[in-house]
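Student: I want to test the labels against their definitions. Where do we begin?

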Amino acid sequence: MRTVTGKTDRVVVVGAGLSGLSAAMQLAGRGRAVTVLERGAHPGGRVGRADIAGYRLDTGPTVLTMPDIIDDAFAAVGESLADCLPLDPVHPAYQAEFADGSGLAVHTEPTAMAAEIERFAGRREAEGYLRLREWLTKLYLTEFDGFIGANFDSPLSLLTPQLARLVALGGFRRWEPMVRRFLSDERLQRVFTFQALYAGVPPQSALAVYAVIAYMDTVAGVYFPRGGMRALPDAMAAAATRAGVEFVYNATVSELEFSGSRVTGVRTAGGERFGADAVVLTTELPDTYRLVRRTPRRPLGLRAAPSAVVAHIGCAAVGERAGHHTILFGEAWKQTFRDIIGDGRVMGDPSLLVTRPTAGDPSLAPAGRDLLYVLAPAPNTAVGTVDWDAEQSGYVEQMLDRVRARMPGVGDDAEVLRLVTPADWGRQGMAAGSPFALAHTFAQTGPFRPANTVRGVDNVVLAGSSTVPGVGVPTAIMSGRLAADRITGVTTVRPSPEVSHS
């Protein structure tokens with residue numbers, strides 16, 4: 001593994017998102033003096049927040065998985081996730097609702113899920129689910145250290161015994177066809193492949209290695225931190241501070257100072273200078289390449305993932321009519337991917353994710369009210385043809401109408417607290433207006449993804465969703481650990497996870 005040479009005593013981390021926080025904690029635990037510069041007023045990055053009319057909104061991800069990976073960051077500074085942040089398991093992980101009126105509770109405990117699938121689709125499908133679960137677990141355990149949690153110096157870095165095992169497991173075949181080997185019910189296939197939306201690739205063409213995302217939420221389990229998702233970066237920043245990390249907020253980095261091929265200092269728009277022996281950049285790729293004054297040449301242009309429209313809705317309390325996470329599948333599932341990825345238009349038959357965080361923490365909304373987070377996948381601005389500034393009001397009403405029609409009694413007396421479109425994500429600096437960064441195509445996977453080192457710059461390492469290993473809460477935290485490994489030369493090997501059945 002290529003590492004930063006020379007002195008690395010003082011490290012400046014640019015960005016207090018999950019990857020920056022993880023890198024800071026790992027580096028502090030390895031004896032480095034760390035300063036984190038964050039342009040916002042609080043930690044979190046894409047795990048954003050907004051307080052509106054008595055509601056406490058999470059403006060970023062709403063699904064939390066793999067607490068053992070998060071715990072690695074806390075362990076680096078001698079603490080534990082359990083002591084710093086209470087996490088409650090979400091049961092069921094999801095409720096899946098289909099256009100034909102059928103519904104399925106997605107449990108992570110195998111016996112409960114097999115019984116639910118037998119009720120839903122018969123014994124043969126339940127038996128297929130148990131085999132699928134076994135395959136997903138083997139896939140995850142095989143690829144974690146050698147593929148997901150590894151630094152690559154070149155494509156040759158893939159040539160390991162793990163690669164042969166991944167090939168044997170079908171990891172480089174296509175995701176949906178692999179799931180069809182276990183499940184014949186098309187509705188069930190969706191439950192174990194819809195996660196391809198996070199990877200930015202249709203499940204029919206996504207690599208099966210990314211089925212580990214389905215492992216993370218349907219096998220390892222979904223959790224929710226009390227206080228909302230914002231509580232995670234707050235807890236990480238607090239633990240990092242106790243370990244000696246310095247945080248400077250409202251500090252937008254404007255320039256890196258170079259001496260030859262090394263960065264010696266980081267300057268902010270406010271005129272402050274921070275000396276550095278090494279730098280971790282978690283900025284968006286366009287900002288990253290501007291700061292390092294280099295743009296790596298690639299034979300193929302980078303392809304952004306699809307985007308999303310997210311509506312934060314305050315509404316009358318819904319009681320038991322909605323759980324924590326509900327997926328409303330449209331009938332024309334495959335057409336959805338053609339609409340938003342191929343044709344650059346909104347879904348003709350929308351599929352929506354409806355999250356009710358107040359199911360896990362009622363204090364996130366005023367008394368007698370509930371908070372809904374409604375996400376509709378949408379084309380990014382590179383391929384999209386939608387004028388979002390003109391169309392957003394009408395589209396959010398369509399989203400709400402779909403929710404009310406599919407979930408009676410949910411969304412009554414609605415007030416739109418906040419609406420974010422691909423145009424808004426773009427104004428926040430996200431490439432192609434996508435909060436999901438780069439699509440996980442084969443050409444943007446593993447050693448073919450933008451590297452976390454920059455050729456010609458000796459002491460800058462990248463972290464975040466646009467570099468390895470990719471998009472998501474667990475992967476962002478792993479990205480920070482991989483960046484720390486590049487700087488310290490210490491590779492931390494995480495023990496195999498215990499599969500939770502709680």
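Tutor: Begin with the hairpin of β12 and β13, where 4 residues sit between the strands and G271 takes a positive phi near 95 degrees. This is a predicted model in which local features need pLDDT of at least 70, side-chain atom pairs count only at pLDDT 80 or more, and totals for chains, interfaces and linings use all residues. Residues are numbered from 1 along each chain as its sequence is written, and side-chain values use heavy atoms, with hydrogens and water left out.

Student: How do you know that β12 and β13 pair?

Tutor: Two strands pair if DSSP finds at least two bridges between them. β12 and β13 (residues 273-275) have 3 bridges, in the antiparallel sense. G265 has G275 in β13 as its bridge partner.

Student: What makes β11 and β12 a pair?

Tutor: The bridge count again. β11 (residues 253-259) and β12 (residues 262-268) are antiparallel over 6 bridges. L256 is partnered by V266 in β12. Their hairpin leaves 2 residues between the strands, and G260 has a positive phi near 65 degrees.

Student: What earns a stretch the name strand or helix?

Tutor: Both are DSSP runs, numbered from the N terminus: helices are H or I with at least four residues, strands are E with at least two. The protein has 16 helices and 20 strands.

Student: Why is the protein called as compact as a globular protein of its length?

Tutor: Its radius of gyration is 22 Å, close to the 23 Å from the globule rule for 502 residues, so the label holds. The radius is taken over C-alpha atoms, and the rule is 2.2 Å times the number of residues to the power 0.38. The C-alpha trace spans about 65 × 55 × 45 Å along its principal axes.

Student: What are the edge strands of the open sheet?

Tutor: The order is β10-β2-β1-β14-β20, with parallel pairing. β10 (246-248) and β20 (460-462) are the edges, since each pairs on one side only. Neighbouring strands turn by 20 degrees on average, direction ignored. Those angles, on a scale from 0 to 180 degrees, compare N-to-C directions of lines fitted to C-alpha atoms, for helices over the stretch in contact. Inside this order, β1 (residues 10-14) and β14 (residues 278-281) share 4 bridges. V11 stands opposite A278.

Student: What makes a space a cavity rather than a pocket?

Tutor: The exit. On a 1 Å grid over the protein atoms alone, a 1.4 Å probe fits in a cavity but cannot get out; a pocket is an open set with protein on both sides within 12 Å along at least five of seven lines. Lining residues have an atom within 4 Å of a point. Points are joined across faces, edges and corners, and volume is the space filled by probe spheres set on them. The structure holds 2 cavities of 30 Å³ or more. The largest holds about 90 Å³. Its lining has 14 residues, with D58, T62, P357, L371 and Y373 closest to the centre. β4 (55-58) and β18 (369-378) each give two or more.

Student: How many residues line the second largest pocket?

Tutor: The lining has 35, and R2, A451, T453, V454 and R455 lie nearest the centre. The volume is about 850 Å³. β20 gives the largest share, 3 residues.
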